[in-house]
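Student: I am new to this structure and would like a close look at one part of it. Please start with a ring in the interior and then show me what surrounds the theme of aromatic pairs.

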Amino acid sequence: MKKNKLLLTLLSLALASTVVLAGCGGDSYSAIKVIGEQDTTYAVHSQGGNAVQYGNYIYFINGTAGYTDEDGNANIWNKVVKGALYRAELEGTKNAAEFDIKGRISSVTDEYIEFKSTAGQDYDENAIEITNTQLIAPKVIGTSGYTAGGIFIYDNYVYYASPNNQKNKAGDVQYKKTDFFRTSLDGKTTQKLLTTEADSESSPYAFYKQADKVYLVALDGTTLKSVVMNDKKVEDTLQIAENVTSAYLPVKSDYYRDDKSVSVEDYVYFVRKAENTDSEKQGSVLEFMRPNGEDRTIWLANGQTSSVEAVRDGVVFYRTAEGGDTVLKYTNLHEELTANSEFYKNYEQSAQVKRTAIEGYAMNVRNIADYTYLYPCRPAAQYDVNTNDVYVFASTGSVMRLFGGGNDTGKTVYEGTATVSSVHDGYAYFSDSSSYAARVNIFEENTEPETVGDREIVTGGLPIDVCAGYVVYFGKIDDWANGYALFKKLPGKGPEGSDAVFVGLRSEADVKPEEEEEE
């Protein structure tokens, strides 16, 4: 009898060492053996996504296996494979503190970069290329109901969320609560930063770096908390807002160690009900503050029901009631930030391009309540910080329309159920009705959607992402493995017709069964 050889997907399996690191609540996290030092002078791109580029490595969530853990066995440190955090090495050399790709210096996420690999064999002993991939954190990454959270990297640490796997007094596993961690990129240290007190599988969270501190901001029930960290330890856990009904925690997609710029993405936003001490006694109160709770400011209290729709591209998009209708508006909060935040004002005084106050209606629609989904954006903001050119993808029924760019009535860009995951380089990425990754150009007049994925996407709470010239989604590897991260070269970023690449590690449950063959 002969056993078929299992497909190797890692050049070097990152095995746990015998060093045990103490965590909160009796947990322990063994050190992970990581070969190769991360150069921290690089920029970080696609921050907060499922795949994040940090110079010559892509850090990525290996797959999605769900977040339910009723027995407490699905999220044990050093036993998780499918939902764990890995990194894959990229080709290229360092030049001028940025990534040199085949003679071209680039720090742009949409550039095409090849994965570094070595020769190997598949199940049937066919010659294949094996990507240089390593384990970083063997925990389930993310939560079941909050898709905007992902991988965050600042300097020497990667930060992430994971479902809690401890039992309460009744003996039930609290997987709807959330643990937050950071792991050093050399694999030696993992620290638990916070465990929520309330069920929080759908609650927003984000990590921020300001000055020499990193902040975890998370909504825990109705309390907005901020965990303050230095390079060595947690310094404090603050309760920066109470009685919060909703929060929006924006993420800057790029992080540069020496970047001192300040924008609306450097603040956290929350909504609460009006109280007797407020000037308006009814409706919603919208506030912003820095991640440490400083510069807290009320910026909207009009006696109406309001909420933050999104904070991206240098503006805040928000819903509010006007004349019995619900409208979508936007503002860069320039006047409010200048008046109430020295952090913002100091940057504005030194900035080469001065911002002006901008605001307006994001859609020429008096009642947006008819739309089941909205994705507002301002894609030209990277070229013009004061542009009023905003766009909104709006879905109703089985039609997605695009408002903006002089089109006040909206044009149909996709016939079918779809939600936009992200916008990169003028393209909006979404999962189409057939569950394939697709994109549509925002600026072209008669644009048609194009399919950019070659395999059906598995639903599991992880959205489509774009990183280092690849569209990243979760799908089928073969007949034995499904729900793993796949990297597909974007059109024009590599050889035409290139298949999606699986660069991670499959779990033991997802390998081809051993077969008996006659000798």
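**A ring and its partners**

Tutor: Let's begin with Phe 60, which counts as buried at 1% relative accessibility. Here, buried means under 20% relative accessible area, exposed means over 50%, and partly exposed lies in between, using a 1.4 Å probe and protein chains only. Please keep in mind that this is a predicted model, where local features need pLDDT of at least 70 and side-chain atom pairs count only at pLDDT 80 or more, while totals for chains, interfaces and linings use all residues. Residues are numbered from 1 along each chain as its sequence is written, and side-chain values use heavy atoms, with hydrogens and water left out.

A search of the whole structure finds 26 aromatic pairs. In one of them, Phe 60 meets Phe 487 edge-to-face, at 5.6 Å centre to centre and with 85° between the planes. Rings of Phe, Tyr and Trp (its six-membered ring) pair if their centres lie within 6.5 Å; planes under 30 degrees apart count as stacked, over 60 as edge-to-face and the rest as tilted. Phe 60 belongs to strand E5 (residues 57–61) and Phe 487 to strand E39 (residues 484–489), so this pair ties together parts that are 427 residues apart in sequence. Strands are DSSP runs of at least two residues, labelled E, and helices are runs of H or I with at least four; both are numbered from the N terminus. Phe 487 is buried too, with a relative accessible area of 0%.

Now for another pair. Tyr 159 and Phe 207 are tilted, 5.2 Å centre to centre with 40° between the planes. Tyr 159 sits in strand E14 (residues 157–163) and Phe 207 in strand E17 (residues 205–210), so the pair links distant parts of the chain, 48 residues apart. Tyr 159 is buried at 1% relative accessibility, and Phe 207 is likewise buried, with a relative accessible area of 1%. Both rings belong to a cluster held together by ring pairs, whose other members are Tyr 146, Phe 152, Tyr 154, Tyr 157, Phe 180, Tyr 205 and Tyr 255.

From Tyr 157 in that cluster we can step to Thr 183, since these two residues are in contact. Contact means heavy atoms within 4.5 Å. Leaving aside neighbours within four places in sequence, Thr 183 also touches Trp 77, Ile 136, Ala 137, Asn 156, Val 158, Tyr 160, Thr 189 and Thr 190. Thr 183 lies in strand E15 (residues 178–184) and is buried, with a relative accessible area of 0%. Its C-alpha atom is separated by 8.6 Å from that of Tyr 160, a residue 23 places away along the chain. The side chains of Thr 183 and Tyr 160 are joined by a polar contact of 2.8 Å. A polar contact is a pair of N or O atoms within 3.5 Å; within protein, one must be able to donate a hydrogen and the other to accept it, and residues adjacent in sequence count only if both atoms are side-chain atoms.

Further along the chain there is an open sheet of 4 strands, in the order E21-E22-E23-E24, with antiparallel pairing. Strand E21 (244–248) and strand E24 (297–300) are the edge strands, each pairing on one side only. Two strands pair if DSSP finds at least two bridges between them. E21 and E22 pair over 4 bridges in the antiparallel sense, with Ala 247 opposite Phe 270 in E22. Strand E22 (residues 268–273) is mostly covered, as 5 of its 6 residues are buried. E22 and E23 pair over 6 bridges, again antiparallel, and Val 268 stands opposite Met 289 in E23. Strand E23 (residues 284–289) is joined to E24 by 3 bridges, where Phe 288 has Thr 297 as its bridge partner.

Finally, let's place this part in the whole. The protein has 2 helices and 39 strands, and of its 519 residues, 55% count as buried. Among contacts with a separation of 6 or more, residues 24 or more positions apart account for 52%. The pair of Phe 60 and Phe 487, 427 residues apart, makes a good place to return to when you look again.
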